[in-house]
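Biologist: Got a minute to walk me through this one? I'd like the fold, then the details.

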Amino acid sequence: MGKRRLALCAGVLAVTAFGPAACAAYAAAGGEVSVAPAAPAPGGDVALRVTGCDAREAVAQSPALVSDARLTPDDGGDGLAGDGRVRSTVAAGTYAVTVVCDGTEHRGTVEVVRKHTSAAGAEPSAHHSPVAPVNAGAGGAARDVVGGPEQHGPGTAQTVVALALAGTAALTVHRAARRQARRGRRTG
């Protein structure tokens with residue numbers, strides 16, 4: 001009877017430990033559109049990303065962008081990514097960004113901010129670091145270092161595998177306990 005309790009406790013522990021992560025992963029699977037930087041200036045370049053989309057290609061649309069942005073699978077394999085440019089004539093404000101993927105509309109926002117102007121007669125200052133990453137090999141690794149979207153916690157696939165492994169472990173412990181109980185009855 002003690003091993004059955006152990007198997008039951010292992011199953012409860014697995015659900016307790018991985019349940020919140022599975023819920024968060026499922027909620028994230030609905031998909032969000034992220035824009036980096038979140039507050040670009042007019043004329044600036046942005047990196048767009050959508051999660052929870054199984055399509056091989058999608059298009060991001062926004063009145064703030066010069067044109068629709070084509071999104072393709074990103075290097076991580078858990079979403080679609082692409083680049084866009086903010087209109088140089090767009091007014092400061094918050095604009096919707098939408099991506100229709102697999103018949104589902106994914107939404108996000110981009111907040112366009114005013115350019116900082118230098119004081120009258122002052123010389124424009126030189127940038128101390130690159131303004132935008134250069135796609136110079138490494139598969140776009142510079143974008144990830146500079147400020148690409150960060151990922152937190154396990155993805156949906158990792159959560160499902162962890163839950164399957166925890167269930168298998170609980171089932172194995174339960175079967176071993178039943179076998180040992182049968183052996184004990186035969187020898188006793």
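Modeller: Let's fix one term. Buried means under 20% relative accessible area. By that cut-off, 24% of the 188 residues in the protein are buried. Keep in mind that this is a predicted model.

Biologist: What is the mean pLDDT of the protein?

Modeller: The mean is 75. Of its residues, 62% reach 70 or more. Over residues 20–30 the pLDDT is below 50. That stretch still has 13 contacts in the model beyond near neighbours in sequence. Where pLDDT is low, the predicted coordinates should not be read in detail.

Biologist: Fine. How many helices and strands?

Modeller: Three helices and seven strands. Along the sequence the pattern reads α-β-β-β-β-β-β-β-α-α.

Biologist: And in what order do the strands sit in the sheet?

Modeller: The order is S1-S2-S5-S4-S3-S6-S7. The sheet is open and the pairing is antiparallel. S1 and S7 (104–112) stand at the edges. Each has a single partner strand, so one side of each is left without a neighbour in the sheet. On average, neighbouring strands are turned by 25° against each other, direction ignored.

Biologist: What share of the contacts is long-range in sequence, 24 or more positions apart?

Modeller: 58%, counted among contacts with a separation of 6 or more.

Biologist: Let's go strand by strand. Why is S2 described as largely enclosed?

Modeller: S2 covers residues 45–50, and five of its six residues are buried, so it is largely enclosed by the rest of the structure. Look at its partners. S1 (residues 33–36) pairs with S2 in the antiparallel sense over four bridges. Within S2, Arg 49 stands opposite Ser 34. S5 (residues 80–85) also runs antiparallel to S2, joined to it by six bridges. There, Gly 84 in S5 is the bridge partner of Val 46.

Biologist: What comes between S1 and S2?

Modeller: A loop that holds Pro 37. The peptide bond joining Ala 36 and Pro 37 is cis, with omega about -5°.

Biologist: Noted. Switching to packing. Which residues touch the most other members of the largest nonpolar core?

Modeller: Leu 48, Val 50, Ala 60, Leu 71, Val 97 and Val 99, out of 22 residues in that core. The elements that give two or more residues to it are S1, S2, S3 (58–61), S4 (69–73), S6 and S7. S6 gives the largest share, four residues. In soluble globular proteins, nonpolar side chains tend to be buried together.

Biologist: Take Val 50. What does it touch?

Modeller: Leaving out residues up to four places away in sequence, Val 50 touches Glu 32, Val 33, Leu 71, Gly 79, Leu 80, Val 99 and His 106.

Biologist: Now S6. Is Thr 98 buried or exposed?

Modeller: Buried, because its relative accessible area is 15%, and the cut-off for buried is under 20%. Thr 98 belongs to strand S6. Not counting neighbours within four places in sequence, Thr 98 is in contact with Val 59, Ala 60, Gln 61, Glu 105, His 106 and Arg 107.

Biologist: Which residue stands opposite Thr 98 on the S3 side?

Modeller: Gln 61. S3 and S6 pair in the antiparallel sense over two bridges.

Biologist: And how many bridges between S6 and S7?

Modeller: Nine, with S6 (residues 93–101) and S7 in the antiparallel sense. Ala 96 has Thr 109 in S7 as its bridge partner. Thr 94 is bridged to Glu 111, also in S7.

Biologist: What happens at the turn of that hairpin?

Modeller: Two residues lie between the strands. Asp 102 is found in that loop between S6 and S7. Its phi is near 55°, a positive value in a residue other than glycine.

Biologist: Last topic, the surface. How much area does the protein expose?

Modeller: About 12,800 Å². Carbon and sulfur atoms supply 57% of that area.

Biologist: Good. Anything to flag before I zoom in?

Modeller: Go carefully over residues 20–30, where the pLDDT is below 50.

Notes
Residues are numbered from 1 along each chain as its sequence is written. This is a predicted model: local features need pLDDT of at least 70, side-chain atom pairs count only at pLDDT 80 or more; totals for chains, interfaces and linings use all residues. Side-chain values use heavy atoms; hydrogens and water are left out. Buried means under 20% relative accessible area, exposed over 50%, partly exposed in between (1.4 Å probe, protein chains only). Contact means heavy atoms within 4.5 Å. Accessible areas come from the Shrake-Rupley method with a 1.4 Å probe; for residues, only the protein chains shown count as cover. Two strands pair if DSSP finds at least two bridges between them. Axes are lines fitted to C-alpha atoms, for helices over the stretch in contact, and angles run from 0 to 180 degrees between N-to-C directions. pLDDT is the predictor's confidence in each residue, from 0 to 100. A nonpolar core is a set of buried Ala, Val, Leu, Ile, Met, Phe, Trp, Tyr and Cys residues joined through side-chain atoms within 4.5 Å.
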